[in-house]
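User: I have a few questions about how the labels for this protein were reached. Please set each value against its cut-off.

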Amino acid sequence: MPYPTPDSYRIDDPSQIYSPGLVIFQPLLEHNLDEMVRVAGGPEKLRPHCKTHKIPQIIKLLLDRAVTRHKCATIAEAEMLANNGVNDILIAYQLVGPNLNRLSSLIEKHPAAKFATLVDCPAAVLQLSNAMVKLNERSNGVSNHICDVMLDLNSGMNRTGIALGENAIQLYEMIETSDGIRAAGLHWYDGLHRQPDQQERQAAVKFGWDRLTRFRDQLLMSGLSVPKVVAAGTGSFPVLAELGEPDLELSPGTTVFHDDDMATRFPEQNFLPAQAILTRVISCCQPKHLTLDVGHKSCAADQPFGRRLFFPQLADCEEVMHSEEHLVIKSNDADKFQLGDTFLAFPRHACPVSAVHQFASVVANGKVIVRW
């Protein structure tokens with residue numbers, strides 16, 4: 001179900017929305033949140049990644065659904081979560097430099113909350129342990145702050161994470177015996193599994209999971225505690241959810257908004273694109289061409305040129321040029337549109353879009369009801 005009916009994206013009065021402007025369709029968003037809980041098998045199985053949206057009101061909608069565990073990538077996102085009532089926060093990032101002090105301050109400010117982060121090398125363990133020891137020294141024995149630490153494992157992304165094996169076991173033992181921190185389990189982000197063929201993707205996800213569980217069993221047989229595993233990207237989320245693992249927390253992010261890339265790759269999933277950018281025609285001087293105000297300052301440019309946005313109103317749209325403030329498109333229907341006409345542009349990749357907008361206009365039943 002890549003897209004619902006066009007009426008789901010109706011905006012009766014687009015003059016209320018500045019362009020380029022981020023738009024969230026609340027009924028579709030809430031559908032996605034409910035579907036995430038359903039696929040996971042209950043709210044207690046979810047640890048959704050807030051990087052996709054970064055919006056306090058969406059955190060409240062998740063808390064209202066009893067989703068109390070959350071994941072983020074930056075200290076700023078962790079602060080947003082803690083300031084909006086989340087008491088179980090995983091910063092899925094290896095922190096270095098001044099961010100270690102910022103983490104210490106966050107832990108000190110929110111003593112009732114539980115914070116965790118990731119490591120993939122001995123130096124990171126040592127630096128984090130030192131930061132926590134210094135925090136407890138400052139408290140003069142009044143508090144004994146502990147930061148949970150998860151071992152970041154390389155699932156094949158080759159981005160971060162230590163390879164499965166003896167070095168990883170030794171690193172986990174180092175976490176377990178270091179001051180101020182506590183071994184909290186394993187982090188396994190398998191976002192590389194985007195195979196369009198559903199059976200091929202399922203097989204790849206399960207093969208990776210089998211490797212992970214054999215490693216977990218090695219830790220357990222060594223007498224080490226592995227309280228939980230945090231795993232899943234959008235493609236692997238439903239596959240891992242079906243395993244019914246009791247200590248697995250599922251951490252999808254894109255599913256909150258979904259996007260055109262995921263809708264195209266995974267048509268079997270019941271998530272719906274709930275985020276779009278409202279853009280206007282700012283020049284129409286060339287035949288069969290339109291220039292829109294959705295430059296890559298308002299839309300992520302991480303996708304290949306020509307595949308950054310989807311325009312349902314234009315069946316044959318071709319992206320000709322994309323610069324900071326402009327997008328030039330070509331279409332046989334272009335001459336039907338005039339200066340100031342509006343389009344909804346659906347990002348191929350939803351996650352970086354929220355970061356470049358100050359607010360979102362929230363739409364329900366064709367009406368702009370609030371700004372978030």
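User: What share of the residues in the protein is buried?

Analyst: Buried residues make up 53% of the 372 residues. Keep in mind that this is a predicted model. The label needs a relative accessible area under 20%.

User: Why is Cys50 called buried?

Analyst: Its relative accessible area is 1%. The cut-off is under 20%, so Cys50 counts as buried.

User: What makes Cys147 buried?

Analyst: Cys147 has 0% relative accessibility. That is under 20%, so the label holds.

User: How many disulfides does the structure hold?

Analyst: Zero. A disulfide is a covalent bond between the sulfur atoms of two cysteines.

User: How do you know that Cys50 is not bonded to Cys72?

Analyst: The sulfur of Cys72 is the closest cysteine sulfur to that of Cys50, at 5.2 Å. A disulfide needs the two sulfur atoms within 2.5 Å, so this pair is too far for a bond. Cys147 is in no disulfide either. Its nearest cysteine sulfur, again that of Cys72, is 11 Å away.

User: Why does the radius of gyration agree with a compact globule?

Analyst: A compact globule of 372 residues would have a value near 21 Å. The protein has 22 Å, so the two agree. Along the principal axes, the C-alpha trace spans about 70 × 50 × 35 Å.

User: Which secondary structure elements are there, and how far apart in sequence are the contacts?

Analyst: The protein has nine helices and 16 strands. Of the contacts between residues at least 6 apart in sequence, 69% join residues at least 24 apart.

How values were computed:
Residues are numbered from 1 along each chain as its sequence is written. This is a predicted model: local features need pLDDT of at least 70, side-chain atom pairs count only at pLDDT 80 or more; totals for chains, interfaces and linings use all residues. Side-chain values use heavy atoms; hydrogens and water are left out. Helices (H or I, at least four residues) and strands (E, at least two) are DSSP runs, numbered from the N terminus. The radius of gyration is taken over C-alpha atoms; the globule rule is 2.2 Å times the number of residues to the power 0.38. Buried means under 20% relative accessible area, exposed over 50%, partly exposed in between (1.4 Å probe, protein chains only). Contact means heavy atoms within 4.5 Å.
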